[in-house]
Amino acid sequence: MEDGEGGPDAHQPPRMDGEGAEEGRGPVIPVSAVILVSVGGMLLFLGLSFLLIAGLGVGGFRIPAALVIAIAAVMMMLGWNVWRRARIARSEREMRERDRLLCDYCGGQNAEGAVQCQFCGAPLR
Ligand SMILES: [Zn+2]
């Protein structure tokens, strides 16, 4: 038995504010997606070994193998879905935030978290 805890620590670069913020840095993977995919992967491994045992001629392993593989596939797809949705939501949020930081009055690009334009003092949405 191995206890494969301690997920991969996604090192997150410190948030920088400023105009030069580029899009498309490493996406932050939601924890639920990591758990779903890794547990799904473990189940897939288990299912494949069941399949191997069934292939050796041991009876009663084919149905559990198919079941476990099906569950693993569903979990991995769910995890992938969660990841993809999080990525889309994040880029949408970033786009909206950048749009908000663009001053309606003078067109100045403000730093992250600003509530007031630093160039003309107009309130930002
Ligand atoms: Zn302004």
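**Notebook: confidence, helix α2 and the nonpolar core**

I looked first at residues 1-12, where pLDDT (the predictor's confidence in each residue, from 0 to 100) stays under 50 and the model has 5 contacts beyond four places in sequence; two residues are in contact if their C-beta atoms, placed from the backbone, lie within 7 Å. Over residues 14-24 pLDDT also stays under 50, with 7 contacts beyond four places in sequence. Where pLDDT is low, the predicted coordinates should not be read in detail. For the chain I noted an average pLDDT of 82, with 78% of the residues scoring at least 70.

This is a predicted model, in which local features need pLDDT of at least 70, side-chain atom pairs count only at pLDDT 80 or more, and totals for chains, interfaces and linings use all residues. Residues are numbered from 1 along each chain as its sequence is written.

I then checked the length of helix α2, residues 62-101 (helices are DSSP runs of H or I, at least four residues, numbered from the N terminus). Its 40 residues should span 58 Å, at 1.5 Å times one less than the number of residues, and the end C-alpha atoms are 58 Å apart, which agrees.

I looked up burial in α2 (buried: 20 or more other C-beta atoms within 10 Å of the residue's own, placed from the backbone). Ala65, Ala72, Met75, Gly79 and Leu101 are buried, and their cover includes α1 (31-55).

The largest nonpolar core (buried Ala, Val, Leu, Ile, Met, Phe, Trp, Tyr and Cys residues joined through C-beta atoms within 7 Å) has 5 residues: Ala33, Leu36, Leu43, Ala72 and Met75. Both α1 and α2 give two or more residues to this core, and α1 gives the most, with 3. Beyond four places in sequence, Met75 touches Leu36, Val39, Gly40 and Leu43.

Key:
A residue is buried if 20 or more other C-beta atoms lie within 10 Å of its own, exposed if 12 or fewer, and partly exposed in between; C-beta atoms are placed from the backbone.
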